[in-house]
Amino acid sequence: MDIYYYHRYDQFLKEFKSEKIIPGEISYLFLTHHHDDHAGFAKRFLINSQARLIVHNNAIPFLKMGIHDNRGKYWNKWIQQMLDPLSKIINHKYPGLKARKEDIILEGNVLKNSLDLRLDGKIIFTPGHSSDSISIVFNDGNAIVGDVAMNLFNLGETKYRPFFIQDINELYRSWRKLRFGARIIFPAHGKPFAVDKLSKKLSVIKKEELIFKQEIFF
Ligand SMILES: [Zn+2]
């Protein structure tokens, strides 16, 4: 599952060691999307683990360069003011990596090269936060969604929405998709929550979309 910033690799190895997990025993690295707090040390990890990468095709050019796809907006001015200075310091760059022939690439909604992928659930394309966002919905209803949803105290009136959004309509479509099969949403940022929360939010979308448009196009 997603990893972390490039400079956290040594800490990651320590934590693995304390859990008696050997990176070489990991078969797959699933990246929900290409952002640096999810893919930062992917290159090092893949070299040292020999795991196969699972990623969406739209991530490939950004992973290759080790940069963010910056097309999109912060949810509102408040979030922008909070995160822009941080963004400038971090700059979101990380060592780039190329997909290899053994890696598993999702193209649109279709997984290529995945015949031997034994997964107790399904991988679905959930764009909106980024154009490459993918999620896993396990058969027990637990869903790993990366940044397709967040749960950070309604910070800046976001409430379950990611701080950064590339396409708000795509995002809501992805939420609708998650409702089929998902029971508990596990976001990358914040605590797990029931999928019903997304349903409730979707029921008031029209009003909020108007607010979003007013706030975002300043
Ligand atoms: Zn992200």
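In this predicted model, strands E10 and E11 (residues 193–194) pair in the antiparallel sense, with two bridges between them. Isoleucine 184 has alanine 194 in E11 standing opposite. The two strands form a hairpin in which five residues separate E10 from E11. Within the turn, glycine 190 adopts a positive phi of about 105 degrees.

E10 (residues 184–187) also runs parallel to strand E8 (residues 142–146), to which four bridges join E10. The residue pairs described for E10 are set out below.

| Residue | Opposite residue or bridge partner | Strand of the second residue |
|---|---|---|
| Isoleucine 144 | Phenylalanine 186 | E10 |
| Glycine 146 | Proline 187 | E10 |
| Isoleucine 184 | Alanine 194 | E11 |

These pairings belong to a wider arrangement. An open sheet is formed by five strands in the order E6-E7-E8-E10-E11, with mixed pairing. E6 (121–125) and E11 each have a single partner strand and stand at the edges, so one side of each lacks a neighbour in the sheet.

The nonpolar interior can be described alongside the sheet. The largest nonpolar core has 47 residues, and the members that touch the most others are Leu29, Leu31, Ala42, Ala143, Val145, Leu178 and Ile185. In soluble globular proteins, nonpolar side chains tend to be buried together.

Which residues are in contact with leucine 31, leaving aside its neighbours within four places in sequence? They are Asp2, His38, Ala39, Ala42, Leu53, Ile54, Val55 and Ala59. One of these contacts, Ala42, is also listed with Leu31 among the core residues that touch the most other members.

Key
Residues are numbered from 1 along each chain as its sequence is written. This is a predicted model: local features need pLDDT of at least 70, side-chain atom pairs count only at pLDDT 80 or more; totals for chains, interfaces and linings use all residues. Two strands pair if DSSP finds at least two bridges between them. A nonpolar core is a set of buried Ala, Val, Leu, Ile, Met, Phe, Trp, Tyr and Cys residues joined through C-beta atoms within 7 Å. A residue is buried if 20 or more other C-beta atoms lie within 10 Å of its own, exposed if 12 or fewer, and partly exposed in between; C-beta atoms are placed from the backbone. Two residues are in contact if their C-beta atoms, placed from the backbone, lie within 7 Å.
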